[in-house]
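Me: I should like to go through this structure by question and answer. Please begin with a single residue and work outwards to the contact between the chains.

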Amino acid sequence: MKALVVVFNIAMSLAFMPLQAYAAVTASQQARATASSNFMAEFYQPDGAHIVYSTNVPFTNVDPTQSFILPDGRAVNDGKSDVGIYCKSNLNLTWYLKIGVTGGNLPDNKLKYYLSQPTVWDGSASITTNGAITPDPPDWTVIPKGMSTTIYQSGSNDTVNTPFGTLATINFQLDPEGIPGGTYMAIVTYTVTTSP
Amino acid sequence: MKGLKQYLTPLLICAAALVLLSGSSRAAESTKATTVAISLQNIFSMEFYTDPNIVYSTVVPFTNIDPEKSMVLADGRKDNDGKSDTAVVCRSNAGIVWYLKLHLTPAAPLTSDKVKYYIDQPYNRNTGGRADGSLTQTANWYSFSIAPTTIYTSGTQDISNLPFGTLITFNFAIAPSGLEAGKSYSAAITYTLTTTA
């Protein structure tokens, strides 16, 4: 019995040392994670109050005798946007937000976008970025089909914008002129890239 | 073995450097997509157009006609006054050819040959220019038919002409010869928008 007690004490001592070593390794891993690259686009989750949609934007039962058609539930100057895209980067390289219609059966040049100056969180408040929007000043502009067009180029205050990223808000408008009645779809692709 | 290692080491270093360089020069990219779903109502409609230069719509009066003239215009109208008696706006997004027909239903003893109409090349209200359809007959004065008769056939642009449609203007005249003094006459003019030739 006595001998057994000694063995137990040794075992306790051995178990303590590896725990110290493990803690040191963990701290080192955390330091590397902080420095890792972050470059991504993600949707602002629709909240109804500011951003209404994300992956699906409906234009239902559209009256084509109107020349200015917004998505369901939207009105001019209602203070909302259809979609919000967070663009995050810590690469310290100028980045670009591009947009294009990459699929669907909607005739060409019938879908337009409107992009206001994006915003970024500076640590205490949301401020407008100093990057370049296209067009400037903002205006309803046709989304080209089959190609991506730069609609925003990051500025000095949001080229590095982690962890919260730059929020680009986009509105859509449909031009029904010349479109026969029926059902249509357009896939709008947003690309954040460091390639101009 | 040692010689082989001596040659391979620089090659491996170069290859590693190339891999690292290509990785750093490759553009970073991230994408998201939104599906925009659209359902568009079918529209096929015609309505009277109102404007200061369009004098009438449902009633066109010819009051106190001078029987010595060969052609009499509607009340308040003059030759080349820049106005029209009536106008209709035809709207369609059916994507197929449409036709505007016109006919007269005179109340006896008036006959259709006493009432004339004038139609000019219609307007594309989306562009502000002339529509690209075709008149059945060149712009001129014509007697009415008592059966619906095609007077305009839509073109490639106004087959689907929303949102503003195609504007077609009309002028009317009476040939008073043979009409009796002191009598009142009337006739109904019917405009028909159809996809049937």
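**A buried threonine and its surroundings**

Reply: In this predicted model, Thr166(A) is buried, because its relative accessible area is 1%, and buried means under 20%.

Me: Which strand of chain A holds Thr166(A)?
Reply: Thr166(A) touches residues from distant parts of the sequence numbering, including Ile85(A), Trp95(A), Thr129(A) and Tyr152(A). The element of chain A in which Thr166(A) is found is strand E11.

Me: What is the length of the polar contact that joins the side chains of Thr166(A) and Asp158(A)?
Reply: Asp158(A) is among the residues that Thr166(A) touches, as is Asn161(A). A polar contact requires N or O atoms within 3.5 Å. The side chains of Thr166(A) and Asp158(A) are joined by one of 2.9 Å.

Me: Is Gly165(A) buried or exposed?
Reply: Gly165(A) lies in the loop between strand E10 (149-153) and strand E11 (166-174) of chain A. Beyond its neighbours within four places in sequence, Gly165(A) is in contact with Tyr86(A), Cys87(A), Lys88(A), Thr119(A), Val120(A) and Trp121(A). Its relative accessible area is 4%, so Gly165(A) is buried.

Me: How far apart in space are Gly165(A) and Asp122(A), C-alpha to C-alpha?
Reply: In sequence, Gly165(A) and Asp122(A) are 43 residues apart. In space, their C-alpha to C-alpha distance is 9.7 Å.

Me: Among contacts in chain A between residues at least 6 apart in sequence, what share joins residues at least 24 apart?
Reply: Chain A has one helix and 12 strands, and from the N terminus the helix precedes the strands. Of its 196 residues, 37% count as buried. For the contacts in question, the share joining residues at least 24 apart is 79%.

Me: Which strand gives the largest share of the largest nonpolar core?
Reply: The largest nonpolar core has 37 residues, and those with the most contacts inside it include Phe59(A), Leu97(A), Phe172(A) and Val188(A). Five residues of this core, the largest share, come from residues 182-193 of chain A, that is, from strand E12.

Me: Which residues of chain B does Val188(A) touch?
Reply: Val188(A) is one of the residues with the most contacts inside the largest core. Within chain A, Val188(A) touches residues including Ile99(A), Leu111(A), Ile143(A) and Phe172(A). On the side of chain B, the residues touched are Lys32(B), Ala33(B), Thr34(B) and Val36(B).

Me: What area is buried between chain A and chain B?
Reply: The contact takes 44 residues from chain A and 25 residues from chain B. Carbon and sulfur atoms give 57% of the buried area, which is about 3,000 Å².

Me: Which three residues supply more than any other three of the area that chain A buries against chain B?
Reply: Together these three supply 17% of that area. They are Pro64(A), Thr65(A) and Glu177(A).

Me: How many residue pairs are in polar contact between chain A and chain B?
Reply: Salt bridges between the two chains number zero. For polar contact, with both residues at pLDDT 80 or more, the count of residue pairs is 22.

Me: Which element gives the most to the side of chain A that touches chain B?
Reply: The elements that give two or more residues to this side are strand E1 (39-43), strand E2 (56-62) and E12 of chain A. The residues of this side divide into 24 nonpolar, 17 polar and three charged. With 12 residues, the element that gives the most is E12(A).

Key
Residues numbered from 1 in each chain as written. Chains lettered and ligands numbered in written order. Predicted model: local features only at pLDDT ≥ 70, side-chain atom pairs only at ≥ 80, totals over all residues. Heavy atoms only, no water. Core = buried A, V, L, I, M, F, W, Y, C linked by side-chain atoms within 4.5 Å. Buried < 20%, exposed > 50% of the residue type's maximum accessible area, 1.4 Å probe, protein only. Helix = DSSP H or I, 4+ residues; strand = E, 2+ residues; numbered from the N terminus. Contact = heavy atoms within 4.5 Å. Buried area = accessible area lost by both parts, 1.4 Å probe. Salt bridge = Lys/Arg side-chain N within 4 Å of Asp/Glu carboxyl O. Polar contact = N/O pair within 3.5 Å; in protein donor to acceptor, adjacent residues only side chain to side chain. Nonpolar A, V, L, I, M, F, W, Y, C, P; charged D, E, K, R; others polar.
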